[in-house]
Amino acid sequence: MISIKNVQKIFPSKQGQLRAVDDVNLEIQEGEIFGVIGYSGAGKSTLIRMLNGLELPTDGTVTIADRVISKIKGAELRKARQEISMIFQHFNLLWSRTVSENIAFPLEIAGIKGPERQKRVSELIKLVGLEGRENAYPSQLSGGQKQRVGIARALANNPKVLLCDEATSALDPQTTDSILELLVDINKRLGLTIVLITHEMHVIRKICHQVAVMESGRVVELGPVLDVFKNPQQPITKRFVQQVTEPEETKETTQHLLELYPHGQVVQLSFIGEATEHPLITNVIRNFDVVVNILQGKISHTQNGSYGTLFIHLDGQASEIQNAIDYIHSQQVGVEVISNG
Amino acid sequence: MADFMEMVKWDQLMEATGETIYMTSISVFTTFILGLFLGLLLFLTDKGNIWANRSVNVVIAGFVNIFRSIPFIILIVLLIPFTKLLLGTMLGANAALPALIIGAAPFYARMVEIALREIDKGVIEASQSMGATQGHIIFKVLIPESLPALISGITVTAISLVGFTAMAGVIGAGGLGHFAYLEGFQRNRPIVTLVATIAILILVFIIQFIGDYFTKKTDKR
């Protein structure tokens with residue numbers, strides 16, 4: 001669907017050249033939600049803007065649905081852009097137009113007239129759940145409502161691809177979740193391919209199928225979200241994964257646990273996918289002569305499965321504890337012993 | 001009181017007011033069109049915009065700055081040959097129009113440029129991402145989004161233009177300035193000058209009122 005080949009973007013700057021995007025290769029399948037995560041300045045914004053030709057690559061090619069976006073110009077590019085729509089961090093609505101008129105704007109551009117346009121606008125308003133707000137101006141809407149208008153506007157011409165440029169970064173956590181749910185919903189219902197960039201791992205975890213991690217213009221890690229969560233390779237990826245799998249106070253908590261349980265062992269278990277649904281703890285207690293004490297746990301759901309961490313305290317004879325740990329290991333659950341008591 | 005009523009020639013005052021309104025409305029309309037065009041060019045040819053072109057920008061900016069800087073009374077005099085060539089005369093309300101428009105349009109063009117700069121670049125980018133043509137961007141985004149500022153700008157310009165017409169009146173263009181100068185000052189009838197001034201003030205207040213009304217009505221921010 002989307003193919004990014006050897007793409008480079010170099011900006012001339014006063015201190016010489018700035019490599020914003022450095023030799024990036026990505027393949028994005030149809031119907032996929034593909035996330036690009038990175039800190040600001042990593043080049044992800046430049047990358048996504050090359051997908052609809054707002055930026056042109058210095059080198060390499062961007063192809064979407066057999067159209068070479070990085071080569072076409074003028075009317076052909078404008079036509080292509082109607083099929084690759086975009087939503088923005090700051091919504092970028094026309095404040096002089098009502099909700100309906102904002103949604104009608106791309107239809108006007110596409111030359112759709114009169115009753116047909118009206119019909120499409122009311123369909124879209126229903127799709128994004130803005131019934132009753134048709135005649136409101138953007139200044140009368142909340143951030144979440146504005147982004148819904150942005151999404152409706154982006155979907156107006158039945159695009160094949162939706163690009164999300166930090167679409168939830170200006171929203172509060174609750175509104176972020178509702179917008180993300182809307183994105184998953186339209187991805188499933190319309191089979192839309194979604195490419196999003198973000199600096200929040202939460203967004204990736206919640207809706208993406210594939211993730212690419214970017215650092216100083218390069219893609220340093222790439223894969224299905226669950227795999228990346230299970231086994232992050234790069235230090236930057238580990239940091240991002242920690243954003244969602246470990247509560248911030250984990251370090252303090254483990255310190256506290258070690259003091260609290262001088263005997264036995266404190267163990268961190270990591271569950272991936274189906275493992276989260278097995279009665280692991282029950283089996284450990286039934287089969288081994290150990291005392292199990294659950295200290296802290298968290299399960300995160302991703303689009304391809306669940307990922308969880310659990311801190312437990314095992315007490316009993318050293319050999320029996322070892323057997324229990326071996327058993328847990330055999331159940332394809334990650335085990336990390338935090339301390340020897 | 002009767003003296004006062006007699007001293008002012010009311011029919012002449014009405015005629016002069018009519019001339020001022022005529023000169024002001026024609027020049028405001030033309031200034032709006034010309035200034036909008038120049039302002040759009042200034043904005044669009046600037047760095048980072050859709051028609052970015054340094055040389056065109058420098059030429060237009062130079063033209064605008066020169067005509068904005070010449071004091072109006074001098075501009076009228078400088079334009080005498082041009083006006084004569086165009087209209088065959090230096091007298092009457094029509095003869096004031098070229099100077100009024102050439103004096104006001106560059107002034108308004110700068111206001112248009114400022115109004116357009118206020119538009120969030122992201123909105124233009126969003127329109128481009130939807131496949132908008134340059135025509136769409138100008139007529140469906142730039143002008144509607146800056147409309148309140150364009151209206152308040154033309155209001156300020158219109159009020160300056162009323163002042164300019166009075167100045168043009170002194171050198172023979174007719175209107176309330178001419179009336180105040182000829183009938184009031186030169187015949188030593190301060191009361192006539194005062195009445196002419198009041199007529200101009202009423203005109204200015206009406207323009208300001210209409211301008212404010214439409215600025216508010218179009219501003220949905």
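**Sheets, domains and contacts in a two-chain model**

Ser3(A) stands opposite Glu27(A), a residue of strand S2 of chain A. This pair is a handy way into the structure, which is a predicted model. Strand S1 of chain A covers residues 2-13, and its antiparallel pairing with S2(A) runs over nine bridges. Just two residues sit between S1(A) and S2(A), and the two strands make up a hairpin.

That hairpin belongs to an open sheet of four strands in chain A, ordered S2-S1-S4-S5 and paired in the antiparallel sense. At the edges are S2(A), residues 16-28, and S5(A), residues 67-68, each of them pairing on one side only. On the S5(A) side, two bridges tie this strand to S4(A), residues 59-64, again running antiparallel. One bridge there matches Thr63(A) with Val68(A) in S5(A).

Chain A has another open sheet, this one with six strands in the order S6-S7-S8-S3-S9-S10, and here the pairing is mixed. Its edges are S6(A), residues 84-88, and S10(A), residues 218-224, and each has a pairing partner on one side only. Going from one strand to the next, the twist averages 15°. Within this sheet, S3(A) (residues 33-37) and S8(A) (residues 193-198) run parallel and are joined by five bridges. Ile33(A) faces an isoleucine across that pairing, standing opposite Ile194(A) in S8(A).

Moving up a level, the domain assignment splits chain A into domain 1, residues 2-244, and domain 2, residues 250-337. The C-alpha centres of these two domains of chain A are 39 Å apart. Their contact draws eleven residues from domain 1 and eight residues from domain 2 of chain A. On the domain 1 side, helix H7 (201-207) and helix H8 (225-230) of chain A each put in at least two residues. H8(A) gives the largest share of that side, with four residues. By class, the domain 1 side that touches domain 2 of chain A comes out as eight nonpolar residues, one polar and two charged.

Then there is the contact with chain B, built from 20 residues of chain A and 19 residues of chain B. Three elements of chain A each bring at least two residues to the side that touches chain B: helix H2 (74-81), strand S6 and helix H3 (99-109). S6(A) is thus named twice over, as an edge strand of the six-stranded sheet and as a supplier of residues to the chain A side of this contact. The largest share of that side, four residues, is down to H3(A). In terms of residue class, the chain A side that touches chain B has nine nonpolar, seven polar and four charged residues.

Chain B offers a helix pair to look at. Two packed helices are described by the angle between their axes and the distance between the axes. For helix H6 (residues 93-117) and helix H8 (residues 134-173) of chain B, the axes come within 8 Å and cross at roughly 150°. Since angles over 145 degrees count as roughly antiparallel, H6(B) and H8(B) are therefore roughly antiparallel to each other. The handedness of the H6(B)-H8(B) crossing is right-handed. As for what fills the contact of H6(B) with H8(B), the classes are 20 nonpolar and six polar residues, with no charged residues.

Notes. Residues numbered from 1 in each chain as written. Chains lettered and ligands numbered in written order. Predicted model: local features only at pLDDT ≥ 70, side-chain atom pairs only at ≥ 80, totals over all residues. Pairing = 2+ DSSP bridges. Axes fitted to C-alpha atoms, helices over the stretch in contact; angles between N-to-C directions. Contact = placed C-beta atoms within 7 Å. Nonpolar A, V, L, I, M, F, W, Y, C, P; charged D, E, K, R; others polar. Parallel < 35°, antiparallel > 145°, perpendicular 65-115°, else oblique. Left-handed = near helix turned anticlockwise from the far one by under 90°. Domains from an automatic or database assignment.
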